[in-house]
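User: Could you take a close look at one buried spot in this model and then walk me outward from there? I'd like to see how the packing and the pockets fit around that part.

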Amino acid sequence: AIVADLARPDTIDALVAQTAASLGGVDILVNNSGGPPAKPAVAIKPDELKAQFEIMVASLIGVTNHFLPGMRQRRWGRILTVVSSGVLQPIPNLALSNTLRLSLVGWSKTLAAEVAADGVTVNLLMPGRIQTERVDEIDQVAAKVAGKSVDEIVAESKSIIPAGRYGTIEEFGAVATFLASVPAAYVTGTIMRIDGGYVRS
């Protein structure tokens, strides 16, 4: 493993250099950043938005731009970027995430069209409620805001998911594995939902 901090550009440069040295190139790139602080849209401050943009958007684009030429030269590559159900159906109190992850959708869709003929696919993974520490954190914040227990918030969340439960990491991984595979060569520019039917549109 090579450790890097997306908030520190110098460590990203080291990540890219070490990865190139140890692997020679990258065929499958999964872009995923941590979530920003939970807050409503009216509470977003410009400086905070800029800082989170650098971490959640600019850093991922920068890493991709480094490894993309090798994929195009080899005429095979898979780029997956993890977003959130908030890009299609905004999540209350996650205004920063809703805003910034949408910019990754625009970038991915544009890039997909530019590199498809080179054998490189570019897709988005859109998880809904997958049981992770981040979802636990979101539920805790929602409980505090609503003055309810975490169990009540979880029950409410599950009640609006047609599958009636949170997804598992393994279920999310299975979809990512397909998109990174050879049989998925004709799937590009898509937003692949893993949300138990949560987003209805």
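Analyst: Leaving out residues up to four places away in sequence, S59 touches L6, I12 and E54. This is a predicted model, so please read each contact as a computed one. S59 sits in helix 2, and because its relative accessibility is 6%, under the 20% cut-off, S59 counts as buried.

One of those partners, L6, leads to a pocket. L6 helps line the second largest pocket, together with I2, V3, A4, L15, L29, V30, N31, N32, L60 and V63. The space in this pocket comes to about 160 Å³. Helix 2 and strand 1 (28-31) each supply at least two of the lining residues, and strand 1 has the largest share, with 3. Sorted by class, the lining has 9 nonpolar and 2 polar residues, and no charged ones.

Next, the nonpolar packing. In soluble globular proteins, nonpolar side chains tend to be buried together. Here the largest nonpolar core has 31 residues, and L68, M71, I79, V83 and L111 touch the most other members. Helix 2, running 46-74, is among the elements that give two or more residues to this core, along with helix 1 (9-23), helix 3 (95-115) and strand 3 (120-127). A second core of 9 residues lies apart from it, with L80, V82, F172 and I194 among its members.

I79 is a good residue to click on if you want to follow the contacts. Setting aside neighbours within four places in sequence, I79 is in contact with L29, N31, T64, L68, M71, L111, V120, T121, V122 and N123. Two of these partners, L29 and N31, also appear in the lining of the second largest pocket, which ties the core back to the pocket that L6 helps line.

For contrast, here is the other pocket. The largest pocket has a volume of about 960 Å³ and a lining of 37 residues, with I91, L94, R129, V135 and I138 nearest its centre. Helix 3, helix 4 (133-146), helix 5 (150-159) and helix 6 (169-179) each give two or more residues to this lining, and helix 4 gives the most, with 8. By class, the lining of the largest pocket divides into 20 nonpolar, 11 polar and 6 charged residues, whereas the lining of the second largest pocket has no charged residues.

Definitions and conventions. Residues are numbered from 1 along each chain as its sequence is written. This is a predicted model: local features need pLDDT of at least 70, side-chain atom pairs count only at pLDDT 80 or more; totals for chains, interfaces and linings use all residues. Side-chain values use heavy atoms; hydrogens and water are left out. A nonpolar core is a set of buried Ala, Val, Leu, Ile, Met, Phe, Trp, Tyr and Cys residues joined through side-chain atoms within 4.5 Å. Buried means under 20% relative accessible area, exposed over 50%, partly exposed in between (1.4 Å probe, protein chains only). Helices (H or I, at least four residues) and strands (E, at least two) are DSSP runs, numbered from the N terminus. Contact means heavy atoms within 4.5 Å. On a 1 Å grid over the protein atoms alone, a cavity is a set of points where a 1.4 Å probe fits but cannot get out, and a pocket is an open set with protein on both sides within 12 Å along at least five of seven lines; lining residues have an atom within 4 Å of a point. Grid points are joined across faces, edges and corners, and a volume is the space filled by probe spheres set on the points. Ala, Val, Leu, Ile, Met, Phe, Trp, Tyr, Cys and Pro count as nonpolar, Asp, Glu, Lys and Arg as charged, and the others, Gly among them, as polar.
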